[in-house]
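Student: I'd like to go through this one by asking what earns each label. Can we check the numbers against the cut-offs as we go?

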Amino acid sequence: MEEQNKKKKITKSGLVLTLVFLAVVIFLTGWNFDRFVSLLKADLPGITPENVIWRTGSWNTAYTEYFRFREPLIDLYGVVNLGLDKKSLDNFTLLKDSENKMQSTQEGFDRLHAEEAVMILSESFAQRGIPLLFVSEPPRVTEESFPVSAEVHFFGSRDPEFLRALTESGVDVLEAASEGEVALKTDMHLTTAAEMDVARQIAEWLKRQGIDYRDDDLIFDLANYDAASHLFYGNLVKSSGRYYTLGGDDFELLYPRFETDFTIDNPEGNIERRGDFRHSLMNGMEDQLEINANPYWVLDYLQYPSARYTITNHKQEGGCKILYVMDSVAMRTAAYLALGAGEVTVIDPRGANGNALLIEAMNTGDYDAVIVEGGGQDFYFTMNLY
Amino acid sequence: MIFSSAVFLFAFFPVCLAGYYLIPKSRLGVKNIFLLIMSLAFYAYGEPKFVFIMILSIFVNWAFGLAVDYFRGKAVAKACLIGMGAWNVGIFFIYKYLDFTIINIDRFFGLRFELQGFVLPIGISFFTFQAISYGIDVYRGTAAVQKNPLNTALYISFFPQLMAGPIVRYNAIAAQLTGRGGGFDLENFSYGVKRFVIGLSKKLILANTVAVVADRAFGAQAADPQAVLTAWLGVICYSFQIYFDFSGYSDMAIGLGRMFGFRFDENFNYPYISRTITEFWRRWHISLSSWFRDYVYIPLGGSRVPTGRLIFNLFATWMLTGVWHGAGWNFIAWGFWYFVLLTFEKLLRIPERAAKTPWIGIPYRIFTILCFLCGWVVFRAPGLAEAMRYLKIMFGLPVNGRHFPVVSELALFYLKDNWVVLILCVLACTPILAVLTAGVRKGSVGLNKTWDVMGTAGLIALIFICVSYIVNGSYNPFIYFNF
């Protein structure tokens, strides 16, 4: 009798476990199967033994990236990692520092390559009498916020040896600073206030060089802007959910109260957009506010990820012409800087054909000054200027 | 395809399960054909080119098996068995060791043979050894010949154990191929689910987490361990990684097999609690060590031979075990390491003494742990020179005149970042839960009921946690896919 009861109990708990397991496997399959099949159908004509492994990777991604219940599951993943007291995630690429801010490691950072790239740019423009400024953004990671920062290279970290080498080679270096919150908590980008601060310090450098940068008193006074704040979930939330990060960021958007008129022109992408600051440089994306689905919409200033585009400021005709070589860490900085310049050409070497466009600009471009600012190692790796 | 991928769990597996159970239970042959087709598709998903090699290998082994049976008792049968062995060892050698052999011939004799650059078919070490076991079992008469080529094919290619074992002996599964019940058995199925979920959790939550520290310490993503503590943490994490990765895979294989009505033998039995190296190898990768015992060591004469012959038998068995794991001097050194340790234990009768004498037992247990940790360093390092370098750092010795600090900020970070997972690993590699369960079973009905509810709730929570890791996770293949 006891044996029978035991067997019944096992069968009952086994039944519950089996039902839950099958429900999870089959129910989730149902949600995503159409996506998988459509990808499979699209891929079928092109499948060869050589590319099947690459394609199967994309099928697997289709299942993970487009999971119907992805968000709550990622939240659960974050909660489990909170329970495990984990500070590093995703193969040590994402870390949470002592202030609960996201940090991103940059494995194998090649300092010599980065130094060489910036020095070549500086020397080439100097030969044509064009001054170049290397901007080291306000550091988001410090020895206090993350004790291993001296042993690991982080995205956007300030590398004293790198900056010393540049200075000793005659490159002008701006170690930009910002008071208050420098960086977002859930992403690698700076806060809007910090990017505005960087733009102001670049403008001050431009003026010290005798370059015709205009209206800086107006541009860098926050009283001349309307501010709006949006809840923003950055990359860390995408990887580990809302609870692991202990909330999101307040992403601040600044709208000039003064009159603005810009054209952004991206010939390679066949894009030309004219309007005020908000509707040309901010891309109008903040109106859509699907921040959770794609958090970068709110960050989508200018024309990311195009390799080259030109911002013309119709209110500052005849003003200075600036080449801004950057990655996405400086998109808002470039937009604010454009408020006092006649023209800002942005080159992101990581974009399609970016390296060739940079070499072309280096050899023939007509600018009053060049600004270089990149936070990620791929920014430097893609620059091959020899 | 790996069991911990979304495509397996949410596409391949449900289709396979539905297809299998939609076929009437009386049509076991049709179910087997269906499983065979799914197994070949499973293999082709990641290695489309090699599926033809596998089909050819299946056909050749089936034909040799028939010939061995047909000529039973005659010298031709032995010749057929040798032919079958030559075929299996031949393809195994070509894909796994040819380039390694060429490199070393070139190096030692100053020649310039061209490397062939063959890519290693995943799982070749496992399915080749299964095929060899089939031939030997038929020859010995411990299993009947399989006349149906489709059943031979299913035995060799059945997807749960195809990629990384356990190495299923033909005589252990022959009867199940044609005689297992084809219907749905809740007890079997729920046991399969339980084992699968436990295996998946071992892989995703424990193995993959500690793998990050192991990879960094062994230089997959950074330089050498920069401190003594990092080196120790690295090898401890690797020991947990390889155990939970491989035993997790075995759990999943056993669980999946059970869901389709098959019973595979256990492959692990808490190896890290072993008192001696001999015991360690009775508990670690049991299907491989017993394969070598039954098909190599015992045919060579086993232990009941003069000392010199015993040493030779151990040497041959352990060098083959090392080489089986990979074409590299570090695997050969790893096999040699265990040959030395096991010979030492055998000659001094250590297992018997340790069992009887606690004051020998406890220090010897610590010695055993140190031995397999050092063994894992040799196994994990990219080469022998790197392994020696790593061992020197572990024991605080200078490397090229450079002394490494005992502790670094990064090492402390790894420790703080993984302390909970490391505690879980220690608990999960001991039978503490099994002992607790056994204790509870002796208790009251109420306690038993609560324990069962807690166990089921825990497994259900693990299902959701595993899915969350899969949805979030990056591609992370199993270690034993490399062998």
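**Labels and cut-offs**

Tutor: Sure. Between domain 1 of chain A and domain 2 of chain A, the count is four residue pairs in polar contact, with both residues at pLDDT 80 or more. Keep in mind that this is a predicted model.

Student: Which elements of chain A supply at least two residues of the side of domain 1 that touches domain 2?

Tutor: They are α3 (70–83), β1 (88–89) and β2 (94–96). α3(A) gives the most, with nine residues. By class, that side of domain 1 of chain A has eight nonpolar, three polar and eight charged residues.

Student: Why is the pair Asp75(A) and Arg242(A) called a salt bridge?

Tutor: The closest N and O atoms of Asp75(A) and Arg242(A) are 2.5 Å apart. The cut-off is 4 Å between a side-chain nitrogen of Lys or Arg and a carboxyl oxygen of Asp or Glu, so the pair qualifies. The count between the two domains of chain A is one salt bridge.

Student: How much area do domain 1 and domain 2 of chain A bury between them?

Tutor: About 1300 Å², 64% of it on carbon and sulfur atoms. Asp75(A), Leu95(A) and Lys96(A) supply 35% of the area that domain 1 buries against domain 2, more than any other three residues.

Student: Now the chains. What makes Lys86(A) and Asp417(B) a salt bridge?

Tutor: Same kind of check: their closest N and O atoms are 3.1 Å apart, and the limit is 4 Å, so the label holds. Across the interface of chain B and chain A, the rule finds one salt bridge.

Student: And how big is that interface in buried area?

Tutor: Chain B and chain A bury about 4800 Å² between them, with 72% of it on carbon and sulfur atoms. In chain B, Phe10(B), Val471(B) and Asn472(B) lose the most area to chain A, together 14% of what that side buries.

Student: Why does Thr209(B) count as buried?

Tutor: Thr209(B) has 10% relative accessibility. Buried means under 20%, so Thr209(B) makes the cut. Thr209(B) sits in helix α10 of chain B, and beyond its neighbours within four places in sequence, its contacts include Lys86(A) and Asn418(B).

Student: How do you know that the side chain of Thr209(B) is close enough to the backbone oxygen of Ile205(B) for a polar contact?

Tutor: A polar atom of that side chain lies 2.5 Å from the oxygen. The distance limit is 3.5 Å, so the distance test is passed.

Technical notes:
Residues numbered from 1 in each chain as written. Chains lettered and ligands numbered in written order. Predicted model: local features only at pLDDT ≥ 70, side-chain atom pairs only at ≥ 80, totals over all residues. Heavy atoms only, no water. Buried area = accessible area lost by both parts, 1.4 Å probe. Helix = DSSP H or I, 4+ residues; strand = E, 2+ residues; numbered from the N terminus. Buried < 20%, exposed > 50% of the residue type's maximum accessible area, 1.4 Å probe, protein only. Polar contact = N/O pair within 3.5 Å; in protein donor to acceptor, adjacent residues only side chain to side chain. Contact = heavy atoms within 4.5 Å. Nonpolar A, V, L, I, M, F, W, Y, C, P; charged D, E, K, R; others polar.
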